[in-house]
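Me: I would like a close look at one part of this model. Please start from a single pairing and work outward from there.

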Amino acid sequence: MMLDDITQFEVGDQLSPLIINKITKKSLKRYARASGDYNPIHLDKDFAQKYGLPNVIVHGMLVMSYLGRMLTNTFPQATIVDFSSQFISMTHINDKLSCAGKIIKKTTDISGNIIYKVQLKVVSDNNEKRIIGKASIIILEN
Amino acid sequence: MKKSVLNKKLIGKQYPAITYKIKKDMLVSFAKATEQVNPIFFDEQIAKEKGHQTIVAPPTFLTVVTMQQEKPYEYLEKINISLSSVLHAGQEYSYYHPIYAGDEIKMKYKIDDIYDKKNGLITFIAFRSKYINQNNIKVAESVSTLVIR
């Protein structure tokens, strides 16, 4: 569901989801350059295999960034007061991911400010949870 | 019960503060790498039209502050943790003030917690960071948790 008026969400509503079709080695190189995270476990297949992995794994923070993108697609950046992720399983090259969010609590304080608690998750196409997360959103009454 | 690989006396250990200037092109390349579609994260003119003073840092951008250092993993080496033995287990952010291109961010960080799970088989270490801008405003706080394999 995509709402123009972000004050109108109710408990149980889903945010507009975000699908990441494919994460390639190129995506990881680009993220390494942009973030400065050159940990070889994300870039060097031989290194990754030495640690028992089939191939390089995706930076957790890149996956969390996709989740953040889903959040800012709906809520203006300034309304996000906290945002957290638990990295549940490793994200692999060529994974297809879906990022989802659901309103689990809505409160309105005495000044009319709206506070949402949002439950977040990133799931792979074979239905493994990659991230579970949460965010709090405050929409100030003008 | 297996003894923790890390001494719990390290809890509370402070690291020297890091200062990081957010350059506009850093935000642009971070936005590209995370495939942002909202132009406030990479287009200065549109960001201004939308009421921002300039390009806005997206929610996970602060992760680059430690990574952009000359020796990004020194904070682990100092406590004898090798990079190959850790995985990122969790990340939390609290946001207090917008972060923009041009900001000079001072990051103060410390070891917040060390704890075991599964009867000491897995150890977690959590780092807490505070980010303060050039106007001495606290812009954000984060907790980054690593699991030691």
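Which residue in strand 2 of chain B does Gln86(A) stand opposite?

Reply: Gln86(A) stands opposite Gly90(B). A note on the model comes before the rest. It is predicted, so local features need pLDDT of at least 70 and side-chain atom pairs pLDDT 80 or more, while totals for chains, interfaces and linings use all residues. Residues are numbered from 1 along each chain as its sequence is written, with chains lettered from A and ligands numbered from 1 in the order in which they are written.

Now the join itself. Strand 2 of chain A covers residues 80-87 and pairs with strand 2 of chain B. The sense is antiparallel, over five bridges. Strands here are DSSP E runs of at least two residues; helices are H or I runs of at least four, and both are numbered from the N terminus. Pairing takes at least two DSSP bridges between two strands. Ser84(A) also stands opposite a residue of strand 2 of chain B, namely Glu92(B).

This pairing is part of a wider interface. There, 27 residues of chain B are in contact with 29 residues of chain A. Contact means C-beta atoms, placed from the backbone, within 7 Å. On the chain B side, strand 2 (86-95) supplies at least two residues, as do helix 1 (24-33) and helix 3 (64-67). Strand 2 of chain B gives the largest share of that side, eight residues.

Next, the sheet. The two chains form an open sheet of 10 strands with antiparallel pairing. Its order is 1(A)-3(A)-4(A)-5(A)-2(A)-2(B)-5(B)-4(B)-3(B)-1(B). Strand 1 (18-20) of chain A and strand 1 (18-21) of chain B stand at the edges. Each has a single partner strand, so one side of each lacks a neighbour in the sheet. Neighbouring strands are turned by 20 degrees against each other on average, direction ignored.

Move outward into chain A. Strand 2 of chain A is joined to strand 5 of chain A by seven bridges, and the two run antiparallel. Asp82(A) has Ser136(A) in strand 5 as its bridge partner. Strand 5 of chain A (residues 129-139) also joins strand 4 of chain A (residues 114-124), through 10 antiparallel bridges. There, Lys121(A) is partnered by Ile132(A).

Helix 3 of chain A (residues 60-74) packs on this sheet. That helix touches strand 1, strand 2, strand 3 (97-108), strand 4 and strand 5 of chain A, together with strand 2 of chain B. Its direction makes about 50 degrees with that of strand 3 of chain A. Axes are lines fitted to C-alpha atoms, for helices over the stretch in contact, and angles run from 0 to 180 degrees between N-to-C directions.

Now move outward into chain B. Strand 2 of chain B and strand 5 of chain B (residues 138-148) run antiparallel, joined by nine bridges. Val86(B) stands opposite Ile148(B) there. Strand 5 of chain B also pairs with strand 4 of chain B (residues 122-132), antiparallel, over 10 bridges. Phe127(B) has Ser144(B) as its bridge partner. The hairpin of strands 4 and 5 of chain B has five residues between the strands, and Asn136(B) takes a positive phi near 65 degrees.

Helix 1 of chain B is also on the interface side. Its buried residues are Met26(B), Leu27(B), Phe30(B), Ala31(B) and Ala33(B). Buried means 20 or more other C-beta atoms within 10 Å of the residue's own, exposed 12 or fewer, and partly exposed in between, with C-beta atoms placed from the backbone. These residues fall within an arc of 165 degrees seen down the helix axis, so they line one face. The arc is that of the directions from the axis to the C-beta atoms. Their cover includes helix 1 (25-35) of chain A and helix 3 of chain B. After helix 1 of chain B comes Glu35(B), with a positive phi near 55 degrees.

Last, the core. The largest nonpolar core has 57 residues. Such a core is a set of buried Ala, Val, Leu, Ile, Met, Phe, Trp, Tyr and Cys residues joined through C-beta atoms within 7 Å. Val63(A), Tyr66(A), Leu67(A), Leu27(B) and Phe30(B) have the most contacts inside it. Helix 3 of chain A supplies the largest share, eight residues. Leu67(A) touches residues including Ser85(A), Cys99(A) and Leu120(A), not counting those up to four places away in sequence.

Definitions and conventions
Two residues are in contact if their C-beta atoms, placed from the backbone, lie within 7 Å.
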